[in-house]
Structure formats: C-alpha cells, structure tokens
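I opened the notebook to record a look at one structure, going through helix packing, then the sheet, then single residues.

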Amino acid sequence: MAIQPDPQQMEGGAGRARGSGGGAGSGAGAGAGAGAHEGVRAHFGAGLSRGSRLALRLRMRATWPEWWPVLLGLAILLGPTFHRLFTGAWIGEEQGHGPIIFALAIWLVWRKWPDAMAAATSYPTPHQAPPAWPQPAGWLVLAFGLAIHLLGRSQQILMFEVGAILVVLAAVVLLKLGGRALRVLWFPFFFMLFMVPLPGELVAAVTMPMKMAVSWATEHLLFAVGYPISRSGVVLQIGQYQLLVADACAGLQTLLTLEALGLFYLNLMRHPSGVRNVTLAVLIVPISFVANVIRVMILTLVTLYFGDAAGQGFLHGFAGMVLFVTALSMILAVDSALQWGIRQHADTTDTTDSTDSAGNAGSKMVRRASDPPAPTSASASALKGAP
C-alpha cells in the first residue's frame with residue numbers, strides 16, 4: 001500500500017524552509033513564496049483526492065463477494081414479480097413507462113454508489129465509533145417489505161407487489177450501508193415511486209376530466225383551422241371516422257411519466273436556483289397537457305388522411321414517441337427561458353446595486369465638499385484672543 005504524504009506537514013516544512021532561507025524578503029519574494037505554497041497545496045491535495053478515489057474503488061471491488069448472496073436472494077425473491085411485469089403490465093400503454101423508470105433509477109443508483117459507499121465509511125468526527133450493522137431499523141423495514149410483497153403476490157395486488165421492490169431495496173441499503181448511505185440515494189428511491197401502479201378507481205376518477213379537456217381542446221383547435229370535426233364527450237367525429245380518446249392518450253399515467261422525466265432532468269442539471277426548479281416542476285403539468293393535445297391532434301389527422309388502420313397501427317405508437325419528444329422539447333425550452341429570466345433579473349439587481357453604491361458615494365463627496373473648512377491653529381488662537 002502506498003503511503004500518501006500529509007499536505008499539512010509538507011506545507012509546514014515548505015514554510016520553515018522559506019523562513020530559514022530568506023527572512024525579510026521583498027514583496028515580490030513574498031508573492032513568489034505564496035505562489036509556491038499554493039502550488040504545493042494544490043499538488044498534494046490533488047494527489048490525495050486521486051488516492052481517495054482509488055482507495056474507494058478498491059474498497060468497492062473488495063466488497064463485491066459479500067454482495068453476491070444479497071443479489072442472488074433479491075433475484076429469487078423479486079424474479080417472479082419482474083416476470084409478471086414484463087409479460088403483463090409493462091407491455092401495455094398504461095404502464096409502459098415502468099421499465100424506463102426502473103432502468104433510469106438503477107442508473108442513478110450506480111451513479112451515486114461511490115458517494116453512498118463514502119458516506120457509509122466516513123464519520124462526522126475521527127473518534128466516532130462506526131455504526132453497528134445490521135441496524136434494527138433495517139430489519140423492521142425488511143419485514144414490512146416482505147409482508148407487503150407476500151400480500152401483493154398472494155392477492156394479485158400489483159401496487160403492493162411493485163411497492164415492495166422499493167421497500168426491500170431500501171432495507172438492503174439500510175442493513176448493508178446504513179442510514180447515511182440511504183440518504184445519499186434518496187432520489188433514486190423517490191424516482192422509483194413513479195413506476196408503482198395506482199388504484200384503478202383513482203386513475204379513472206382523475207383521468208376522465210383530463211380526457212374531456214384534451215378532447216375539447218382538440219376539437220376547437222382543429223375546427224378553428226377548418227377541419228370538419230365534432231365531439232360527444234370523449235368521442236371525436238372527423239369525416240367518416242369516430243375516435244375514442246383513450247386513457248393512454250390523455251390519462252394520469254402519461255402525466256406522471258412526463259413528471260418523472262422532468263424530475264430526472266432536474267436531478268441531472270443540478271440547478272442551484274430553487275425557484276427555477278420548483279417553477280419547472282410545476283410547469284410540467286401544463287406541458288403534459290399540451291403534449292397530449294398535440295398527440296391526439298396528430299392521431300386525428302392521420303386517421304382522416306390515411307384511414308383507421310394507419311391511426312391504430314404503427315403511427316399510433318409513433319405518436320406516442322412524438323408525445324415524449326414534444327414534452328422534452330418544451331421542458332428544455334421552458335428551462336432555457338427560466339434561465340434567461342433569472343440571469344436578466346440578476347443582471348438588473350447587480351446594476352441597481354452598483355448604481356445605488358455610486359450614488360451614495362457621490363452624495364458623500366458632495367457633502368464633504370460643501371462643508372466649511374476646518375479652522376487652522378492660527379485662526380483658532382486668534383478667536384480665543386478676541387474680546
């Protein structure tokens with residue numbers, strides 16, 4: 001094992017060498033000494049950082065053998081659930097976003113895994129004892145996850161069965177790495193909530209008003225540009241064709257999918273402005289609505305010009321791709337507009353502050369110039385001797 005030099009000792013030795021070599025140097029000599037000091041600090045700081053990263057990678061490789069039984073147990077426990085999802089719910093339109101959400105969440109975990117390992121092996125103070133593993137809270141979380149997995153699997157409740165995946169994985173992280181590592185991985189676990197199916201009654205109650213709104217907007221926009229279209233509820237009549245606006249075209253699941261992709265984008269960008277993040281997250285809701293309207297309009301026009309088979313065939317799936325491309329483009333455009341607005345506001349604030357500072361300095365100079373001159377010592381003596 002290579003021993004890394006201590007930057008503080010090296011800096012102290014360099015400082016003593018400079019002190020013994022040139023006691024009262026000029027200002028240029030002092031500046032050169034400071035530059036050399038910063039160079040030594042930067043050199044050994046960078047070397048220590050590279051050494052830390054290398055040690056972390058070696059520690060991660062060394063821990064792989066103890067993770068294999070855990071991964072094997074997870075595969076045996078959750079394998080039937082994923083087989084059911086990939087052969088059932090995840091191949092439909094309503095839950096088709098599930099594998100995308102899960103794949104992105106796994107990628108986020110892999111991306112943050114070194115930070116989680118570092119959080120699990122670092123402590124606030126050097127003398128703090130390492131936490132005792134496994135933690136009792138981890139066993140409680142694991143027991144809860146196994147219970148809802150058993151309930152969902154036996155009663156065919158998909159929401160419980162998929163939700164158990166999150167709970168069991170969180171319990172494994174808590175047992176193996178501790179609570180600090182779980183806090184580092186909070187966003188990937190939160191992100192996986194979007195792949196949990198919601199109850200059908202809730203989806204139906206929220207989806208119907210959304211489908212009515214999308215149908216109404218599609219009818220009015222196409223009628224405004226001269227197309228022969230009418231509407232009855234969520235059924236559109238254009239030419240000789242009738243189109244039913246389905247849940248997948250304007251439902252709650254589409255909104256949640258686009259919201260998940262927007263939050264994934266925000267997590268990757270890491271914007272420092274909280275106002276910008278919150279505003280973009282809220283604006284994803286109307287962006288989803290507009291993207292759904294564009295998708296239904298495209299399907300309506302495809303059916304009118306190319307027939308019902310084209311509208312329900314390949315072009316129907318292609319319209320789904322158009323939905324997400326349109327939504328992503330609008331998210332990027334809105335984010336760029338918010339960034340421009342925040343930059344303009346910051347520039348205006350800086351200009352106002354600098355103008356106020358210059359005005360205050362000018363007023364002080366005017367007041368000093370208008371003050372009467374202070375009396376000299378001779379005039380002060382004359383005033384004292386005057387009757």
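The entries below follow the order in which I looked things up.

**Entry 1. Status of the model**

I noted before anything else that this is a predicted model.

**Entry 2. H4 and H5**

I began with a helix pair, since two packed helices are described by the angle between their axes and the distance between the axes. I took helix H4, residues 136-155, and helix H5, residues 158-176. Their axes lie 8 Å apart, and the packing angle is about 160°. Angles over 145 degrees count as roughly antiparallel, so that is how I entered H4 and H5. I then looked up the hand of the crossing: H4 passes H5 in a left-handed one. I sorted the residues of the contact of H4 with H5 by character and got 15 nonpolar, 5 polar and 2 charged.

**Entry 3. Ile 148**

I picked Ile 148 as one residue to follow within helix H4. Is Ile 148 buried or exposed? I found a relative accessible area of 16% for Ile 148, which is under the 20% limit, so I wrote it down as buried. Leaving out residues up to four places away in sequence, I listed what Ile 148 touches: Phe 160, Gly 163, Ala 164 and Val 167. I also checked Ile 148 against Ile 165, which is 17 residues away along the chain. The C-alpha atoms of Ile 148 and Ile 165 are 9.7 Å apart.

**Entry 4. Gln 156**

I went next to the loop between H4 and H5, where Gln 156 lies. I looked up the backbone of Gln 156 and found a positive phi of about 60°, although the residue is not a glycine. I set beside this the general rule that most residues other than glycine have a negative phi. Gln 156 has a relative accessible area of 52%. The limit for exposed is over 50%, so I entered Gln 156 as exposed.

**Entry 5. H8 and H10**

At what angle do helix H8 and helix H10 cross? I found roughly 90° for H8 (residues 200-224) and H10 (residues 252-269), with the axes coming within 8 Å. I therefore recorded H8 as roughly perpendicular to H10. On the H8 side I listed Val 203, Val 206, Thr 207 and Met 210 in the contact, and on the H10 side Leu 252, Gln 253 and Leu 255. The residues of this contact of H8 with H10 came out as 5 nonpolar, 2 polar and no charged.

**Entry 6. The sheet**

I turned to the strands and found an open sheet of 3, in the order E1-E2-E3, with antiparallel pairing. E1 and E3 (241-244) are the edge strands, each pairing on one side only. From one strand to the next the twist averages 25°. I then asked which helices lie on the sheet. H11 packs on it, touching E1, E2 and E3, and its direction makes about 155° with that of E3. H8 lies across E1 and E2 and runs at about 160° to E1.

**Entry 7. Strand pairs and hairpins**

I counted 4 bridges between E1 (residues 229-232) and E2 (residues 235-238). Ile 229 stands opposite Ile 238 in E2, and Arg 231 stands opposite Leu 236 in E2. The hairpin of E1 and E2 has 2 residues between the strands, and Gly 233 there takes a positive phi near 70°. E2 and E3 run antiparallel and are joined by 4 bridges. I noted Leu 243 in E3 as the bridge partner of Leu 236. The hairpin of E2 and E3 also has 2 residues between the strands, with Gly 239 at a positive phi near 60°.

**Entry 8. Faces of E2**

In a regular strand the side chains alternate between the two faces of the sheet. I checked E2 and put Leu 236 and Ile 238 on the covered face. Val 235 and Gln 237 went on the uncovered one.

**Entry 9. Ser 288**

I finished in helix H11, residues 274-306, where Ser 288 has its place. Ser 288 has a relative accessible area of 1%, so I recorded it as buried. Which residues does Ser 288 touch, not counting those up to four places away in sequence? I listed Thr 254, Leu 255 and Leu 258. One of these, Leu 255, I had already entered for H10 in its contact with H8.

Terms used: Residues numbered from 1 in each chain as written. Predicted model: local features only at pLDDT ≥ 70, side-chain atom pairs only at ≥ 80, totals over all residues. Heavy atoms only, no water. Axes fitted to C-alpha atoms, helices over the stretch in contact; angles between N-to-C directions. Parallel < 35°, antiparallel > 145°, perpendicular 65-115°, else oblique. Left-handed = near helix turned anticlockwise from the far one by under 90°. Nonpolar A, V, L, I, M, F, W, Y, C, P; charged D, E, K, R; others polar. Pairing = 2+ DSSP bridges. Buried < 20%, exposed > 50% of the residue type's maximum accessible area, 1.4 Å probe, protein only. Contact = heavy atoms within 4.5 Å.
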